[in-house]
Amino acid sequence: MRYISTRGQAPVLSFGEAMLTGLARDGGLYVPEAIPVMSADEIAALAGLPYEEVAFRVMRPFTGDTFSEEELRRAIAAAYAGFGHAARAPLVQLGPGHFLCELFHGPTLAFKDFAMQLIGQLFQIALGREGRRITIVGATSGDTGSAAIEAFRGLPSVDVFILFPHGRVSDVQRRQMTTPVEANVHALALDGDFDDCQARLKDMFNDFAFRDAVGLAGVNSINWARVLAQVVYYFTAAVSLGAPLRQVDFTVPTGNFGDIFAGYIARQMGLPIGRLVVATNQNDILHRCLTTGRYETDGVRPSISPSMDIQVSSNFERALFHAYGGDGAAVAQLMDELKSTGGFTVSQGALQLLRETFASGRCSEEQTSETIAATLAETGELLCPHSAVGVFVANAHIRAEAPMVTLATAHPAKFPDAVQAATGIRPALPARMADMMDRPERVTRVPNDLAALEALVLERRAL
Ligand SMILES: *Cc1c(COP(=O)(O)O)cnc(C)c1O
């Protein structure tokens, strides 16, 4: 399996190279050259298997010869062993035809653990084999950073630096990044918003001298291996609800489009997903784009679902690449236009293709709070604000023909203020992490400035 860039100008890589590289050198994102298809029989055979076995069967065709079967199985087993639920991604029913897939039983209580825990294991195997050392730099609106730190803390061949927007992540999210004691963990609070963090991260990747000097690697949601790990729970959820004999729809609380793009891959692989519904909060660039065809930035408005507070949605580029029939030059042109003018218009043909798979909806701040309260009253399920955005939008998209699965992306205890404001109940952290609020924090405040950031990484990383 070979991986190509969405902008058509970067070297073609193997799975292992694409995983260790992250962002392509032409500024694009790596995608598989072709998407392997699973037959209806192969999908049906997944019913009742442990999550780990489904993960192996779904991911194996994508990993090429980077890992032996035994290595991949070992990585998967280690990745999910620390989860607090034996099913890993259990389904609960919210109402007739509406199910919630709980993706928050990992060590940092958000779905990003599914990908990050696996990537930690895969990086360790690949680097250890070559005796290589790398520097991981990530940007986070909250959940990616803690998940990355949790996955890479203490690994001998990796330094991990995480940029998060100062003052814009929840206490629990911040403490998950600032309390690990391992010397290879560096939490950086940047003076700016998440898009600034993401922009500086991209700048570092585009500074090839720096990139090569520190062995820079990315684990943001642009990393193909992360998208791949997230494809698995679409299979486990859909198969438990009757796939391949029945269609299943999904609603996904969306920010950078990584999670929902994994659903798109599952659909391309042959899983009978009817519609993939993009649920946005008030930062609704994707909903506006799918509605009007115009992709236009208009600043970030901080919300009570902060992990979805983005104005540019990086992984959307992958969907555009497919909608433009794999035309890297066309995608590069759209991205140039975005950079110089702050927006672009999707062609009619591409928009039509996107709409065949994706529907969308937006949820305001008030609607988010009301959904948390209403869902608790009607079902007893306490939602985090991101998951509430999903449930609200899903409710408007439920069809008689197909069950709807809403992805619950974080545990309510990760966002206790918003949950308490909506319901009067302050959700408790699971017992295994209850002491986190008392541990000392370690964090460096940094300016929104590329040269200063690069100097800090060069100085701090172990040689
Ligand atoms: C990251 C995140 C999202 C958005 O996921 P994307 O893959 O960026 O679209 C939604 N909810 C939570 C809790 C998250 O951490």
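These exercises work through a predicted model, each with a stepwise solution.

**Exercise 1. The ligand shell**

Find how many residues surround the ligand, and sort them by class.

Solution.
- Step 1. Count the shell: 15 residues surround the ligand.
- Step 2. Pick out the closest ones. They are Lys-112, Asp-143, Gly-255, Asn-256 and Thr-409.
- Step 3. Sort by class. The shell holds five nonpolar, seven polar and three charged residues.

**Exercise 2. Backbone atoms facing the ligand**

Which distances separate oxygen atoms of the ligand from backbone atoms of Asn-256, Gly-258 and Asp-259? Then determine how much of the ligand the protein buries.

Solution.
- Step 1. Start at Asn-256. One of its backbone N or O atoms lies 2.7 Å from an oxygen atom of the ligand.
- Step 2. Move to Gly-258. Here a polar backbone atom is 3.2 Å from a ligand oxygen.
- Step 3. Finish at Asp-259, where a backbone N or O atom is 2.9 Å from an oxygen atom of the ligand.
- Step 4. Turn to area. The ligand taken alone exposes 380 Å², and the protein buries 97% of that.
- Step 5. Place the ligand among the cavities. The space it takes is the largest cavity.

**Exercise 3. Two covered helices**

How many residues are buried in H17 and in H13?

Solution.
- Step 1. Take H17, residues 385-395. Nine of its eleven residues are buried, so that the helix is mostly covered.
- Step 2. Name the buried ones: Pro-385, His-386, Ser-387, Ala-388, Val-389, Gly-390, Val-391, Val-393 and Ala-394.
- Step 3. Take H13, residues 316-323. This helix is also mostly covered, with seven of its eight residues buried.
- Step 4. The buried set in H13 includes Glu-317 and Arg-318. Phe-316, Ala-319, Leu-320, Phe-321 and Ala-323 are in the set too.
- Step 5. Look just past the end of H13. Gly-325 takes a positive phi of about 65° there.

**Exercise 4. Two acidic side chains**

Glu-17 and Asp-284: buried or partly exposed? Locate each residue and explain the label.

Solution.
- Step 1. Glu-17 sits in helix H1, residues 15-21.
- Step 2. Its relative accessible area is 41%, so Glu-17 is partly exposed.
- Step 3. Check a distance. The C-alpha atoms of Glu-17 and Val-214 are separated by 16 Å, while the two residues are 197 apart along the chain.
- Step 4. Asp-284 lies in the loop between strand S10 (273-280) and helix H12 (285-292).
- Step 5. Asp-284 counts as buried because its relative accessibility is 11%, and buried means under 20%.
- Step 6. List the side-chain partners. Asp-284 makes a polar contact of 2.9 Å with the side chain of Arg-288. Another polar contact, also 2.9 Å, joins the side chains of Asp-284 and Arg-362.

**Exercise 5. Backbone exceptions**

What phi do Arg-88 and Leu-109 take, and which residues does the cis peptide bond join?

Solution.
- Step 1. Recall the background: most residues other than glycine have a negative phi, and most peptide bonds are trans.
- Step 2. Arg-88 is not a glycine, yet has a positive phi of about 65°. It lies in the loop between helix H4 (69-81) and strand S3 (91-95).
- Step 3. Arg-88 has a relative accessible area of 14%, so it is buried.
- Step 4. Leu-109, not a glycine either, has a positive phi of about 65°. Its loop runs between strand S4 (98-102) and helix H5 (112-130).
- Step 5. Leu-109 counts as buried because its relative accessibility is 1%.
- Step 6. The cis bond joins Ala-243 and Pro-244, with omega about 10°. Pro-244 is in the loop between helix H10 (224-240) and strand S9 (248-253).

How values were computed. Residues are numbered from 1 along each chain as its sequence is written. This is a predicted model: local features need pLDDT of at least 70, side-chain atom pairs count only at pLDDT 80 or more; totals for chains, interfaces and linings use all residues. Side-chain values use heavy atoms; hydrogens and water are left out. A residue is near a molecule or strand if one of its heavy atoms lies within 4 Å of it. A polar contact is a pair of N or O atoms within 3.5 Å; within protein, one must be able to donate a hydrogen and the other to accept it, and residues adjacent in sequence count only if both atoms are side-chain atoms. Accessible areas come from the Shrake-Rupley method with a 1.4 Å probe; for residues, only the protein chains shown count as cover. On a 1 Å grid over the protein atoms alone, a cavity is a set of points where a 1.4 Å probe fits but cannot get out, and a pocket is an open set with protein on both sides within 12 Å along at least five of seven lines; lining residues have an atom within 4 Å of a point. A molecule sits in a cavity or pocket if more than half of its atoms lie within 2 Å of its grid points. Ala, Val, Leu, Ile, Met, Phe, Trp, Tyr, Cys and Pro count as nonpolar, Asp, Glu, Lys and Arg as charged, and the others, Gly among them, as polar. Buried means under 20% relative accessible area, exposed over 50%, partly exposed in between (1.4 Å probe, protein chains only). Helices (H or I, at least four residues) and strands (E, at least two) are DSSP runs, numbered from the N terminus.
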